[in-house]
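Ready to practise reading a protein structure? Take a look at the model below, then work through the exercises one step at a time.

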Number of protein chains: 2
Amino acid sequence: MDKFEEKTTKTTEIFDGKIIKLQVDDVTLPDGKTSKREIVKHPGAVAVIALTSENKVVMVEQYRKPLEKSLVEIPAGKLEPGEKPEITAIRELEEETGYTTNNLAFVTSFYTSPGFADEILYLYFTDNLIPLVEEKDLDEDEFVELMEVTIEEAETMINEQKIHDAKTAYAIQYLRLRGLR
Amino acid sequence: MDKFEEKTTKTTEIFDGKIIKLQVDDVTLPDGKTSKREIVKHPGAVAVIALTSENKVVMVEQYRKPLEKSLVEIPAGKLEPGEKPEITAIRELEEETGYTTNNLAFVTSFYTSPGFADEILYLYFTDNLIPLVEEKDLDEDEFVELMEVTIEEAETMINEQKIHDAKTAYAIQYLRLRGLR
């Protein structure tokens, strides 16, 4: 049994959408009292830290409807059911950036919002990018702009809150720790 | 107008809970087509990177119902309506760790899951911890275990996936970049 485990006594399904599901669990707490937990179910995601031969970081700008603004982020995407994260990572890299790679290294994984969601993000690294001859299609409701930035430019974008998400902030620290200047 | 802006034509409220809200927005895409966006509204959160005088990182272990397991994380908590993030940060530090501080530095902020949620996390740092004489109460449905770990121990916990969330992974890199050994 995990520390402070909360036993589910009832699960109420609230919403089953295109991307997320929402449920409310009635739970018994470690002290025997009861509470409710609001839980978002997500298929999981991947992101890729991709360095060009000029040591620039590949980024995509896209509109993030929950924030009502566009952000600059490392390439990322959701897992398809049954798809291995490495495969998703290469697919999203190809679709969003026009590069592929035959050399993808696993960096780490982490939960993005463990208080209310089960989303896990698998993070990869490559500095061996191969341009695709023919562009791939994005999802039909997806619009992104590609850019390649130095680490100094990325840090300026963090200060300007143009880069403002956890995975990209983590990625920039990761590159600094690898000695990228 | 922000790049690739998506105009809302209709908002459908699905759920209004204790912590999160869920809505589905009908949107017009940049190419004039339509789509739906599933959006989780969250009040925002704070987290504190807290170093003891022995250069140990203050951590709390707690059960994360969405993951059905317990994780070790830096102290964190949700914003109360109208509360300044610095105030939330000190309140959560006091409640979860039994320390307070009069010296809290803002590190950064980031969105945790910008694809489906508006949660923003404000991250602070302190290495000036003052033990409270009297323990403060946690929320009544909150159970946490306090621990203080070296950075090497924290990195072992990352490898064992006992530390497995974005903010804590970011925090450990942050301490490494500050030169903590």
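Contact here means heavy atoms within 4.5 Å. Keep in mind as you go that this is a predicted model.

**Exercise 1.** Work out what rotation and what shift superpose chain A on chain B, and name the relation.

*Solution.* Start with the movement: turn chain A by 180°, with 0.0 Å of shift along the axis, and it lands on chain B with an RMSD of 0.0 Å. That is the relation of a two-fold axis. Next, check which surface each copy uses: 100% of the contact residues of chain A recur in chain B, so the same surface serves both copies.

**Exercise 2.** Describe the size of the contact between chain A and chain B, in residues and in area.

*Solution.* Begin with the residues: chain A brings 70 to the contact, and chain B brings 70 as well. Now for the area. The size of an interface is often given as the accessible area lost when the parts come together. Between chain A and chain B, about 6,000 Å² is buried, and carbon and sulfur atoms give 63% of that.

**Exercise 3.** Find the salt bridges and polar contacts that link the two chains, and say which elements of chain A supply the touching side.

*Solution.* Step one is the salt bridges: the rule finds 6 of them across the interface of chain A and chain B. For a pair to look up, try A:D141 and B:R37, which form a salt bridge with their closest N and O atoms 3.1 Å apart. Step two is the polar contacts, which come to 36 residue pairs between chain A and chain B.

Step three is the elements. Several of them in chain A each supply at least two residues to the side that touches chain B, including β1 (7-16), β5 (57-64) and α3 (166-177). The top contributor is α3(A), with 8 residues. Last, sort that side of chain A by residue type: 30 are nonpolar, 14 polar and 26 charged.

**Exercise 4.** Locate B:F4 and B:Q161 in chain B, and state the phi of each.

*Solution.* First, some background: most residues other than glycine have a negative phi. Now look at B:F4, which sits in the segment before β1 (7-16) of chain B. Its phi is near 60°, a positive value in a residue other than glycine.

Then move on to B:Q161, in the loop between α2 (151-159) and α3 (166-177) of chain B. B:Q161 isn't a glycine either, yet its phi is positive, at about 60°.

**Exercise 5.** Is B:Q161 buried, partly exposed or exposed?

*Solution.* Recall the cut-offs: buried is under 20% relative accessible area, exposed is over 50%, and partly exposed is in between. B:Q161 has 40% relative accessibility, so it counts as partly exposed.

Definitions and conventions. Residues numbered from 1 in each chain as written. Chains lettered and ligands numbered in written order. Predicted model: local features only at pLDDT ≥ 70, side-chain atom pairs only at ≥ 80, totals over all residues. Heavy atoms only, no water. Least-squares fit on C-alpha atoms with pLDDT ≥ 70 in both. Buried area = accessible area lost by both parts, 1.4 Å probe. Salt bridge = Lys/Arg side-chain N within 4 Å of Asp/Glu carboxyl O. Polar contact = N/O pair within 3.5 Å; in protein donor to acceptor, adjacent residues only side chain to side chain. Helix = DSSP H or I, 4+ residues; strand = E, 2+ residues; numbered from the N terminus. Nonpolar A, V, L, I, M, F, W, Y, C, P; charged D, E, K, R; others polar. Buried < 20%, exposed > 50% of the residue type's maximum accessible area, 1.4 Å probe, protein only.
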